[in-house]
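Please load the model in your viewer and keep the selection panel at hand. The stops below name what to select next and what is to be found there.

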Amino acid sequence: MSFDYINALLKKPTTRTPIWVMRQAGRYLPEYRATRKKAGDFMSLCKNPQLACEVTLQPIDRFDLDAAILFSDILTIPDAMGLGLYFSEGEGPKFKNPIQNLQTIEQLPTDLNNDLTYVFDGVSTIKKALNNRVPLIGFSGSPWTLATYMIEGGSSKTFANTKKMLFNEPKALHLLLDKLTHSVIAYLNQQILSGADSVMIFDTWGGVLSKQNYLDFSLDTMAKIVKGVKAKHPNIPITLFSKNGGKYLTYIADTLCDGIGIDWTVELGDVQNQIGDRVAIQGNLDPAVLYASPEVIEKEVQKVMRQFKGDTGHIFNLGHGITPDVDPENMAVLVEAVHNFRSNQ
């Protein structure tokens, strides 16, 4: 196995700067589109361990990436809670039974792993198929991010219902977050037992909160998850990613996570000025750069790489997920540019 990804997370020596890309298994790959068509729909793909394994390995087979990430969705936990997840074409995820009030929160189950065996079967199937080629990343959505989808009934631009609950019924929202935190800890621990070499928490919507609300309603839950996972798996690296969370890096590092994912609105040098070498840094090329020419992609990669000061502790990634209409050839240029950078210095 190439250990560069794990070693970088632990700030140990690496042979090169490792790279993987958020949503690296996805619609930009023709082979993914073919497998999804075979599955019938997105959730059928997620719930079939063999097909989930197939699409997880597609970018590993095509590109010289340093880690694979479980093919799944962040909304598996709310779905297991009985909210009725479904996907409308062109509209994203939706729930048939969104959270309405305190009573519906009180009725939510928290011991969900028996209903999520398809995820764990997927992890073990992928781990076996990888045959130690690269490490496998497991993941979950953050409790705050999951709560926004559960309360809004899907995606939102204003988060009106969620913020209404935050201000009018904070105890109800905290109860929901506590239940989600419990479920995420158990979920990630079981992914690790099934073969995940590291885990990541995607806090997609943490950045829509004010500072104090971010600390109270988002980061506090992630700190509890780090503690809960580390209690059982102290040697498994954990990465936290709050989109638009560049203002809160010192607080995120205080959770004792191993890595912090950052988006493209923050420079790596500024990140290191804030938190030094306390944790590894993952990021942070603007995904839109992959629409550019190969020459521009290489230059933009070099800009990011030069911002990082140090010998290890940097995992190259996009600042968010790769977009569906990117040319796979540009992904190949990106990966090669990252791996060539260090040897050219």
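Select Asp61, which at 53% relative accessibility counts as exposed (over 50% relative accessible area is exposed, under 20% buried and in between partly exposed, with a 1.4 Å probe and protein chains only). This is a predicted model, in which local features need pLDDT of at least 70 and side-chain atom pairs count only at pLDDT 80 or more, whereas totals for chains, interfaces and linings use all residues. Residues are numbered from 1 along each chain as its sequence is written, and side-chain values use heavy atoms, with hydrogens and water left out.

Now add Arg133, which is partly exposed with a relative accessible area of 36%. Asp61 and Arg133 form a salt bridge whose closest N and O atoms are 2.9 Å apart (a side-chain nitrogen of Lys or Arg within 4 Å of a carboxyl oxygen of Asp or Glu). Asp61 lies in helix α4 and Arg133 in the loop between α7 (117-130) and β4 (136-141), so this pair ties together parts that are 72 residues apart in sequence; helices (H or I, at least four residues) and strands (E, at least two) are DSSP runs, numbered from the N terminus.

Next, select Asp64 and Arg16, another salt bridge, with 3.0 Å between the closest N and O atoms. Because Asp64 sits in the loop between α4 (49-62) and β1 (68-69) and Arg16 in the loop between α1 (4-9) and α2 (30-39), the pair ties together parts 48 residues apart in sequence. Asp64 counts as partly exposed, at 43% relative accessibility.

Move on to helix α14 (residues 294-307), where Glu300 and Lys303 are 3 residues apart and thus separated by about one helical turn. Their side chains meet in a salt bridge (3.0 Å, N to O). Glu300 is partly exposed at 23% relative accessibility, and Lys303 is partly exposed with a relative accessible area of 48%. Returning to Arg16, add Asp66 to the selection: salt bridges that share partners join Arg16, Asp64 and Asp66 into one network. The structure holds 11 salt bridges.

Finally, select helix α10 (residues 170-194) with helix α11 (residues 211-232), which pack at an angle of about 30° with their axes 9 Å apart; axes are lines fitted to C-alpha atoms, for helices over the stretch in contact, and angles run from 0 to 180 degrees between N-to-C directions. That angle makes α10 roughly parallel to α11 (angles under 35 degrees count as roughly parallel). Among the residues making the contact (heavy atoms within 4.5 Å) are Leu177 and Ile185 of α10 and Phe217 and Ile225 of α11.

Technical notes
Parallel < 35°, antiparallel > 145°, perpendicular 65-115°, else oblique.
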